[in-house]
Structures are given as C-alpha cells and as structure tokens.
Amino acid sequence: MVKTDLSDIYRGYIACLNAQDWARLEQFVDDDVSHNGQNVGISGYRQMLERDFSEIPDLRFAIQLLISDPPHIASRLEFDCRPKGTFLGLPVNGKRVSFTENVFYEFRSEKIWRVWSIVDKAAIEAQL
C-alpha cells in the first residue's frame, strides 16, 4: 500500500464519520478493531462513535495534520464544538470548546485495525 492510497482511505473514513454514514463504516474499519488497547470490534467502535455524536451534536472531525507511513497513519484532529452535559468528566454543558486529538492508526488489508487516541483534555479544562 502506498502513502497516497492510505491517506485517501483515511480521508474517506473521516468523511464517513462527518456524514454519520454508519452503513459505510465497515468499508473503513476492520471487524476486529481495537481502541486504546481494548478489542471493541466494529460494533463497539460504531457504538462509541454514535455515542460521541449523540453527546456532541455539532461534532465535526477536521484533519489538521496527517502523516502516512503504511501501514500506519498519524493524525492530529481539531474540534470546535458544544458537548452536552459532561464531556471527558468535565462539566462542559453546551459551552463551545476547541481542542485537538492525536490519534494513531494501524491498517490491516486497507482497513483500520488498531487505534490509539489521546484527547487534549487540558485545553478543554482551560476554557471552562
């Protein structure tokens, strides 16, 4: 797999998330996907994403930085949104917050197989 192909697949994945096109998720995500070391499978991964969009109605993934080194992708995602209620244990309650997420992916057969994610919680705390 070449770098541009993997980057294109990843951009398609982000577009799928932003469209909340859950029927297409299996096109991008492996059945045995893990998140932060926990095997969640595609159904658990989808549930996690659906919950995120439920708790953050205006959620939108914006790629700020993308590095491709097949079979890996490193991405810095930027968010500007209004989470309802508590978010990451913080009482956001609809206040607009901006933050980033550093996320690393490992692909298997051109699908996301492993995901490691770190959200900049300190940036959110500073805005509350």
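On a 1 Å grid over the protein atoms alone, a pocket is an open set of points where a 1.4 Å probe fits, with protein on both sides within 12 Å along at least five of seven lines, whereas a cavity is a set from which the probe cannot get out. Grid points are joined across faces, edges and corners, and a volume is the space filled by probe spheres set on the points. What you have here is a predicted model, so local features need pLDDT of at least 70 and side-chain atom pairs count only at pLDDT 80 or more, while totals for chains, interfaces and linings use all residues. Residues are numbered from 1 along each chain as its sequence is written, and side-chain values use heavy atoms, with hydrogens and water left out.

Let's start with the pocket. The largest one holds about 460 Å³ of space. Its lining is made up of 25 residues (a lining residue has an atom within 4 Å of a point). Look for His35, Asp52, Glu101, Ser117 and Val119, which lie nearest the centre. The elements giving two or more residues to this lining are helix H1 (3-19), helix H3 (41-55), strand S4 (72-81), strand S7 (97-108) and strand S8 (111-119). Helices and strands here are DSSP runs, numbered from the N terminus: H or I with at least four residues for a helix, E with at least two for a strand. H3 gives the largest share of the lining, 6 residues. Sorted by class, the lining has 18 nonpolar, 3 polar and 4 charged residues. For that tally, Ala, Val, Leu, Ile, Met, Phe, Trp, Tyr, Cys and Pro count as nonpolar, Asp, Glu, Lys and Arg as charged, and the others, Gly among them, as polar.

Now to the sheet. Strands of a sheet pair through backbone hydrogen bonds, either parallel or antiparallel. In this model, 6 strands make an open sheet in the order S2-S1-S8-S7-S4-S3, with mixed pairing (two strands pair if DSSP finds at least two bridges between them). Strand S2 (38-39) and S3 are the edge strands, each pairing on one side only.

S4 is a good strand to follow. With strand S3 (residues 62-69) it pairs in the antiparallel sense over 7 bridges, and S3 and S4 form a hairpin with 2 residues between them. One bridge here matches alanine 62 with glutamate 78 in S4. S4 and S7 also run antiparallel, joined by 10 bridges. Leucine 77 has glutamate 101 as its bridge partner in S7, and cysteine 81 stands opposite valine 97 in S7. The covered face of S4 carries Ile73, Ser75, Leu77, Phe79 and Cys81, while His72, Ala74, Arg76, Glu78 and Asp80 are on the uncovered one.

Serine 7, in helix H1, has contacts on these strands. Leaving aside neighbours within four places in sequence, serine 7 is in contact with Leu66, Ser68 and Ile73 (contact means heavy atoms within 4.5 Å). Serine 7 counts as buried because its relative accessibility is 14%; buried means under 20% relative accessible area, exposed over 50%, and partly exposed in between (1.4 Å probe, protein chains only).

What about the cysteines? A search of the whole structure finds 0 disulfides, a disulfide being a pair of cysteine sulfur atoms within 2.5 Å. For cysteine 16, the nearest cysteine sulfur is that of cysteine 81, 19 Å away. Cysteine 16 is buried, with a relative accessible area of 0%, and cysteine 81 is buried at 1%.

Over in strand S8 sits tryptophan 113, which counts as buried because its relative accessibility is 18%. Its contacts, apart from neighbours within four places in sequence, are Asp30, Asp32, Val33, Ser34, Glu106, Phe107 and Arg108. Tryptophan 113 and phenylalanine 28 are 85 residues apart in sequence, yet 9.2 Å apart in space, C-alpha to C-alpha.

Finally, some backbone details. Most residues other than glycine have a negative phi, and most peptide bonds are trans. Proline 70 and proline 71 are joined by a cis peptide bond, with omega about 10°; proline 71 is found in the loop between S3 and S4. Glutamine 20, in the loop between H1 and helix H2 (25-28), has a positive phi near 50° and is partly exposed at 37% relative accessibility. Glutamate 110, in the loop between S7 and S8, has a positive phi of about 65° and is partly exposed, with a relative accessible area of 41%.
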